[in-house]
Amino acid sequence: MQVLILAVASLTLGPQSQGPTQEALRRIEPDWIAPHVRFLASDLLEGRETATRGARLAAEYVAAQMESLGLEPGAGDSFLQRVPLRHSLVDGTPAVELIHGGQSVRLEYGTDFLLQPDIMRTEVQLRAPLVFVGFGLTLPEYNHDDYAGIDVKGKLVVLVPGGPQRIPSDERGHATLFRSKELNARAHGAAGVVMILPGSGEILSDRVMRQLSGFSIMGPDSLEMLFFETGATVRLTTAGATRLFQAAGRPLGEVLGALQQDQSKSFDLGVELGLSARFRQSDTASANVVGLLRGSDPALRNEYVVYTAHLDHVGKGRPVDGDSVNHGAIDNAGGTASLLAVARAFASLPEPPRRSILFVAVTAEEKGILGSFYFANHPPVPAGQIVANVNMDNFLMLHPVRDLAAYGASYSTLDTVVSRSLARLNLAPSPDAAPEQTIFTRSDHYPFLRRGIPAVMLFNGQASGGNGLDGSSVIRQWLGRVHHTPRDRIDQGIDWNAGVTYVRANFLIGYEVANARERPRLKGRYFFQDN
């Protein structure tokens, strides 16, 4: 599917901007956004790691802000929806060895391999042959099957993240989720998965290690994680993968090169892997923050538009220039501040929209979009009465906004809503700025789409650059240098007027949906749907 992108000509409102919405738009200003970012990204909140003191402080702050706007509690009689979680960590030092030709080579933990902890078991002991299966994908509609002609029953499959670039970005993002690949491996009879992490050098001790602490939703949803599986999975670094393929007599560079050229074939490595590891699990909880603005139309107020933005970030990590707090100013204090600014704009209307609005600051996005997954599957209102989701995440408020990508809109009649709403801000189409990032599956709109609920997330486009960089370069440089590091601070040169444009655009989309006679509809059944 094509991603709908919309270019921003200026902050000037179009000729159709009249009445109460025009006044609400004009009221939106930087002071509606910046103070929230300043607090949420402060040292006090210690990076808002899921299920920590900082995350609880952030949730209480957002709940208080919602209450001050006159919103009602949206999770029963509370602003806080409890999300039950299980957390698992590697206990001690796990052992991985490669067995080949009667000899054994032991890999070094943290240098040659990492380990995704098991959510259910406290101990794992296994030994099995290794089979390389490329990307580990089975996509007959794209004439791609990495399991063709290879028997993996009872074996460990070795695979690489990502997928062929010829596959459209959205479908590639869905198929290449770790969960999707691991389910495919199990469907082919594999005993487990070994994931290669190409380019994994200096990041090992910080970004990757933080992600390799397992979180899962407890209860019947425990097996339904989107990014990380419940079972232990070995992650080979470049150093570890090099040692494996040397033992197999196949240079790693040649194998990965053929894979990138879409010329790879799966093969037995002739090497066995042994794993011995222990894990510690603990049951905990975090909270989604839910505020309700009740609709004004007796016939439609029991239908809901849901705005989301994730409240969590990744806590503390390796110091950068003496700073160990991953502040998450843009990701996603900026999105949470935008959520509160949109709520303030709706609360300022002389009359609420016809449908009700739920404003949800979700938890555990960084752990596999778990908070939004839990909300979409356990909403405090009947799921069939949620008509649309508008999600706000990681928008790079760094340069004047000239274009916006509307991820997910093309799958539903939200595409026309988005076009009409953003035209009021003098917007026009523009191409996707970073299709290789597969952004479609990477944020909190995605669980809603999986449930068949129309959803959209606006993000930077090709033309929204500055300082000689186009939008694509801005996105890639920021993700490579700043994302999930202490550099994501409030003093990184945030353009608050860009944030104003972003808030206005999101407000207008939800406003039209909330007042329209007909609710949005998906245009068909798609690859991402669960039901």
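Visitor: Where is the place of Thr336?
Guide: In this predicted model, Thr336 sits in helix α9, which covers residues 329-347.

Visitor: Buried or exposed?
Guide: Thr336 is buried, because its relative accessibility is 0% and the cut-off for buried is under 20%.

Visitor: Which residues does Thr336 touch?
Guide: Not counting residues up to four places away in sequence, Thr336 touches Leu40, Val62, Ala309, His310 and Leu311. With His310 there is also a polar pairing: a polar atom of the Thr336 side chain lies 3.2 Å from the backbone oxygen of His310.

Visitor: And how far apart in space are Thr336 and Pro353?
Guide: Their C-alpha atoms are 22 Å apart, with the two positions 17 residues apart in sequence numbering.

Visitor: Changing topic: how many salt bridges are there in the whole structure?
Guide: A search of the whole structure gives 21 salt bridges. One of them pairs Arg280 with Asp91, with 3.7 Å between the closest N and O atoms. This pair links distant parts of the chain, 189 residues apart: Arg280 belongs to strand β13 (residues 267-293) and Asp91 to strand β3 (residues 80-100).

Visitor: What is the accessibility of those two?
Guide: Arg280 is partly exposed at 45% relative accessible area, and Asp91 is partly exposed at 32%.

Visitor: Which residue meets Lys155 in a salt bridge?
Guide: The side chain of Asp268 does, at 3.3 Å from N to O. Here too distant parts of the chain are linked, 113 residues apart, with Asp268 in strand β13 and Lys155 in the loop between β8 and β9.

Visitor: Is Lys155 buried or exposed, and what about Asp268?
Guide: Lys155 is buried, with a relative accessible area of 17%, whereas Asp268 is partly exposed at 43%.

Visitor: What else does Lys155 contact?
Guide: Leaving aside neighbours within four places in sequence, the contacts of Lys155 include Ala128, Pro129, Val131, Ala190, Ala191 and Gly192. The Lys155 side chain also reaches the backbone oxygen of Asp151 at 3.2 Å.

Visitor: What about Asp530, which residue is its salt bridge partner?
Guide: Asp530 forms a salt bridge with Arg450, and the closest N and O atoms are 2.8 Å apart. Asp530 lies in the segment after α14 (496-515) and Arg450 in helix α12 (residues 446-450), so the pair ties together parts 80 residues apart in sequence. Arg450 is buried at 3% relative accessibility, while Asp530 is partly exposed at 44%.

Visitor: Which residues are joined into one network?
Guide: Glu303, Arg355 and Arg519 are joined into one network by salt bridges that share partners.

Terms used. Residues numbered from 1 in each chain as written. Predicted model: local features only at pLDDT ≥ 70, side-chain atom pairs only at ≥ 80, totals over all residues. Heavy atoms only, no water. Buried < 20%, exposed > 50% of the residue type's maximum accessible area, 1.4 Å probe, protein only. Polar contact = N/O pair within 3.5 Å; in protein donor to acceptor, adjacent residues only side chain to side chain. Contact = heavy atoms within 4.5 Å. Helix = DSSP H or I, 4+ residues; strand = E, 2+ residues; numbered from the N terminus. Salt bridge = Lys/Arg side-chain N within 4 Å of Asp/Glu carboxyl O.
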